[in-house]
Amino acid sequence: MGCSRIGSTRVAIVVALTTILASCTSLPRSGPDHKDVDRDAAVKVTTKERRVGIDYALIDLSKNVLPYFTSAQPTSFKGFGGGRGGAPEIPLGYGDVVQVAIFEAQSGGLFIPSDAGSRPGNYISLPEQTIDRNGTITIPYAGRVPAAGRLKETVEQDVEDRLASRAIEPQVVITTTTNRSSQVAVLGDVNNPQRITISPAGERVLDVISAAGGLTTNNIETNVTLQRRGKTATVAYNTLLKNPAENIYVAPNDTVSIDHERRTYLTLGAAGVSGRFDFEESDLTLGEAIAKAGGLRDDRADPAQVLLYRLVPKKTVQSMNVDTTRFAGETVPVIVRANLRDPATLFAVQQFKMEDKDIIYISNSDSVELVKFLDIVNSVSSTVAGVTDDANDTRNAVQDLGN
């Protein structure tokens, strides 16, 4: 009888205290109550069953799925050409300043007077001129000759053909004195952003970056974007260093942009430390990322429920024979679940590559929720012997609240 009375008293205290606290609005808060926020809203845009409504795919981490995530999704400069062979020929262009020299086989011709013996050579040099907006230069007795977009040797031959019937075996040499059309703009995270003139020897992407003073950031988190005639591609700087085929020749009017992209990931839940972490100057695996965040908390974490959230290209998910008809767009929200209770998974997380903006969530174990419940009960009545005292304390606390 005594034990049952004590048990009944404990239950009554718990129920009474819960009822009072649930109905009390005078307890201190740091902001509005969520119920008040929900009740007083003029307009509500909510989803049924309180779900966000975003579909996602759940994939368990195993050796079978590792190949789909360890392989990067690279972009390439190879589509621009100019990766192999010699340097491309650079044509004349608008705004270039050129000088034209015309040679004749003997004196007495169109350009060389009869007293040519007193001259240093049987040629004349025309004044420097700029290739105009029409892309032409002017040669006496040859007229306006197209030059822009043509190789220098082609323009020389054209002038010779036009003068063949007037001059004595003419030969023409064109020299570019100021090159304004064959330049590349190098922008972004370099020490000296500028326009760089391409030499006849040819410059590759790394050459123009070096000419601009090199990077101001670390290699790992730096990307190089090449723009050419409306086409754009981005390659990691380290890829240019490791793969010579990507280090292609630049072309006139290219734009090379260098961008530092800070890579971060989030850890939430029962991690040693929750927050945002930088990749810094290295690539990370899932195992390293967890360790960087302090590992799993022994008192809270469920090692079988380590979840990684990522947007994955739809093509990658489809290659895993996953039905993606429910997903619109080019990416699929994916949760990768790692069971660290399985010893083999520790090897897998050391091969699974992290990506920028990944989120790691470590779930609480079921026992943690039970402990929370028991703590609430224990806070009302810690021992059977102290039920009466707890009841008195509770009654006094309720009276104080009423006052």
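The end C-alpha atoms of residues 283-314 lie 24 Å apart, and this span is 25% helix and 41% strand. I begin with this stretch since a record singles it out: in UniProt, an unreviewed entry places the annotation "domain: Soluble ligand binding" on residues 283-314. Please keep in mind that the structure before you is a predicted model.

Let us turn to strand 15. Strand 15 comprises residues 301-313, and Tyr309 is one of its residues. Is Tyr309 buried, exposed or partly exposed? With a relative accessible area of 33%, Tyr309 is partly exposed. Tyr309 also contributes to a nonpolar surface patch of about 310 Å², together with Leu266, Leu268 and Tyr361.

Next to Tyr309 in the numbering comes Arg310, and here the picture changes. Arg310 is buried, at a relative accessible area of 8%. The side chain of Arg310 meets that of Asp358 in a salt bridge, with 2.6 Å from N to O. Where do the two partners lie? Asp358 sits in the loop between helix 9 and strand 17, residues 359-364, while Arg310 belongs to strand 15; the pair therefore ties together parts that are 48 residues apart in sequence. Asp358 is buried as well, with a relative accessible area of 2%. To count as buried, a residue must have under 20% relative accessible area. Arg310, at 8%, falls under that limit, and Asp358, at 2%, does so too.

A further salt bridge involving strand 15 links Arg341 with Asp302, where the closest N and O atoms are 3.8 Å apart. Arg341 is found in the loop between strand 16, residues 331-338, and helix 9, residues 345-349, whereas Asp302 is in strand 15, so this pair ties together parts that are 39 residues apart in sequence. Which of these two partners is exposed? Arg341 is exposed, at a relative accessible area of 56%. Asp302, in contrast, is buried, at 14%.

Asp356 and Lys357 also form a salt bridge, their closest N and O atoms being 3.0 Å apart. Of this pair, Asp356 is partly exposed, with a relative accessible area of 25%, and Lys357 is exposed, with 52%. Elsewhere, Arg150, Asp158 and Arg162 are joined into one network by salt bridges that share partners. How many salt bridges are counted in this model? The count comes to 14.

I now move to a sheet. Strands of a sheet pair through backbone hydrogen bonds, and the pairing may be parallel or antiparallel. The sheet I wish to show is open and has five strands, in the order 9-8-12-10-11, with mixed pairing. Which strands stand at its edges? They are strand 9, residues 194-197, and strand 11, residues 231-236; each has a single partner strand, so one side of each is left without a neighbour in the sheet. From one strand to the next, the twist averages 20°.

Let us follow strand 8 through this sheet. Strand 8, residues 183-188, runs antiparallel to strand 9, and four bridges join the two. A hairpin of five residues makes the connection from strand 8 to strand 9. The partners can be located one by one: Val184 is bridged to Ile196, Ala185 to Arg195, and Val186 to Gln194. Strand 8 also pairs with strand 12, residues 255-260, and here four bridges are formed in the parallel sense. Ala185 stands opposite Thr255 in strand 12. Ala185 thus appears in both pairings, with Arg195 as its bridge partner in strand 9 and Thr255 opposite it in strand 12.

My last point concerns Ser76. This residue lies in the loop between helix 3, residues 66-70, and strand 2, residues 97-103. Ser76 is partly exposed, with a relative accessible area of 30%. How far apart are the C-alpha atoms of Ser76 and Thr232? They are separated by 9.9 Å, although the two residues are 156 residues apart along the chain.

To close, I return to two points. Strand 15 takes part in the salt bridge between Arg310 and Asp358, which links it to a loop 48 residues away in sequence. In the open sheet, strand 8 pairs antiparallel with strand 9 and parallel with strand 12.

Notes: Residues are numbered from 1 along each chain as its sequence is written. This is a predicted model: local features need pLDDT of at least 70, side-chain atom pairs count only at pLDDT 80 or more; totals for chains, interfaces and linings use all residues. Side-chain values use heavy atoms; hydrogens and water are left out. Patches are made of residues with over 30% relative accessible area and no salt bridge: like charges are joined within 9 Å, nonpolar side chains (Val, Leu, Ile, Met, Phe, Trp, Tyr) within 5 Å. Accessible areas come from the Shrake-Rupley method with a 1.4 Å probe; for residues, only the protein chains shown count as cover. A salt bridge is a side-chain nitrogen of Lys or Arg within 4 Å of a carboxyl oxygen of Asp or Glu. Buried means under 20% relative accessible area, exposed over 50%, partly exposed in between (1.4 Å probe, protein chains only). Two strands pair if DSSP finds at least two bridges between them. Axes are lines fitted to C-alpha atoms, for helices over the stretch in contact, and angles run from 0 to 180 degrees between N-to-C directions. UniProt positions are given in the numbering used here, feature names are shortened, and annotations may be inferred rather than shown by experiment.
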